[in-house]
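Biologist: Please take a close look at one strand of this model. What surrounds it, and how do the neighbouring parts fit in?

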Amino acid sequence: MERQLQRLTWREIKALVPGKIDTIIFPVGTVEAHGAAALGTDNFIPEAISLHLAEKINALVAPTLNYGITRSLYGYPGSLTVTPPTFKKFVYEILKSLHDAGFRKVIIMNGHGGNNAALKDAALEYFAEYKVKIAVIHWWELCMDMTRQFFGEHGGHAALDETAMVQAIDEKLVKKSLYSPEMAYEFREGADIYPVPGTILLYEKGQGYPSFDPEQARRFKEKVQEEVESFVKLVLSRWEQI
Ligand SMILES: [Zn+2]
């Protein structure tokens with residue numbers, strides 16, 4: 001069935017929520033430079049994970065929030081941002097309206113590290129106020145161990161892992177011909193730099209350079225989907241017991 005809220009009519013929602021479906025997945029990202037991958041990488045990935053997950057847990061998917069808090073890559077062409085208080089308030093008011101629309105469980109699927117702190121705060125305040133159960137998933141952090149096992153090395157921002165995900169979603173979102181290893185900056189403790197001197201940010205020296213292997217990308221996307229699905233199912237089953 002159709003899982004995207006905005007593709008359904010109000011009469012269909014009336015028949016579904018909350019009696020047949022009480023869970024909504026809300027993808028959140030940002031627009032920022034991502035090496036050889038498209039500016040919307042942090043939106044496309046959580047959206048794809050959400051659409052897959054919705055089938056598995058009988059949820060609907062809210063429209064993706066495509067604007068977030070871009071920090072160290074602000075200043076690269078095409079990167080966009082909003083300030084943290086604006087972002088947090090906007091997210092909070094969307095969550096409030098999801099409650100008003102009848103949803104009783106919310107899964108925020110986050111695609112962008114700059115959003116983490118604001119989403120965490122908004123979610124805690126939201127639960128305290130509305131008693132809607134809420135989980136914020138930062139997919140790349142949740143999948144970090146699996147990612148390392150899968151590739152045999154660490155990933156990073158716009159690195160091996162994110163580039164593979166977005167390549168598996170739509171190969172046109174990745175431009176191998178525009179890639180060069182000099183796009184990468186191996187992150188070092190002891191320096192905060194704006195803009196950061198690379199659009200591919202690596203956590204471990206010499207690890208995480210994009211591979212552009214379509215078959216590997218396809219398998220990685222499946223692994224990420226499985227990892228997120230099994231974790232969210234665990235959370236939902238524990239919530240059932242409360
Ligand atoms: Zn990203």
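**Strand 3 and its surroundings**

Modeller: Strand 3 is covered on both faces: K105, I107 and M109 are buried on one side, and V106, I108 and N110 are buried on the other. Buried means under 20% relative accessible area, exposed means over 50%, and partly exposed lies in between (1.4 Å probe, protein chains only). Strands here are DSSP runs of E with at least two residues, helices are runs of H or I with at least four, and both are numbered from the N terminus.

A word on the source. This is a predicted model, so local features need pLDDT of at least 70 and side-chain atom pairs count only at pLDDT 80 or more, while totals for chains, interfaces and linings use all residues. Residues are numbered from 1 along each chain as its sequence is written, and side-chain values use heavy atoms, with hydrogens and water left out.

Back to the strand. Strand 3 covers residues 105–110. Of its 6 residues, 6 are buried, so strand 3 is largely enclosed by the rest of the structure.

Now the partners. Two strands pair if DSSP finds at least two bridges between them. Strand 1 (residues 23–28) pairs with strand 3 in the parallel sense, over 6 bridges. Here F26 stands opposite I108. Strand 4 (residues 133–138) also pairs with strand 3 in the parallel sense, over 6 bridges. There, M109 has I137 as its bridge partner.

Step back to the sheet. It is open, has 4 strands in the order 2-1-3-4, and the pairing is parallel. Strand 2 (60–61) and strand 4 stand at its edges. Each has a single partner strand, so one side of each is left without a neighbour in the sheet.

The link to strand 4 runs through a helix. Strand 3, helix 4 (residues 116–130) and strand 4 form a right-handed β-α-β unit. Right-handed means that, with the strands pointing away from the viewer, the path from the first strand over the helix to the second runs clockwise.

Other helices lie across the strands. Contact means heavy atoms within 4.5 Å. Axes are lines fitted to C-alpha atoms, for helices over the stretch in contact, and angles run from 0 to 180 degrees between N-to-C directions. Helix 2 (residues 41–57) lies across strands 1, 2 and 3, at about 165 degrees to strand 1. Helix 3 (residues 84–100) lies across strands 1, 3 and 4, at about 160 degrees to strand 1.

Next, the loops. Most residues other than glycine have a negative phi, and most peptide bonds are trans. N58 sits in the loop between helix 2 and strand 2. Its phi is positive, near 55 degrees. At 33% relative accessibility, N58 counts as partly exposed. A158 lies in the loop between strand 5 (156–157) and helix 7 (160–169). Phi of A158 is also positive, about 60 degrees. A158 counts as buried, at 2% relative accessibility.

Two prolines follow cis bonds. V17 and P18 are joined by a cis peptide bond with omega about 0 degrees. P18 is in the loop between helix 1 (10–16) and strand 1. The bond from Y194 to P195 is cis too, with omega near -10 degrees. P195 is in the loop between strand 6 (184–186) and strand 7 (200–202).

One last residue is W10, in helix 1. W10 counts as exposed, at 62% relative accessibility.
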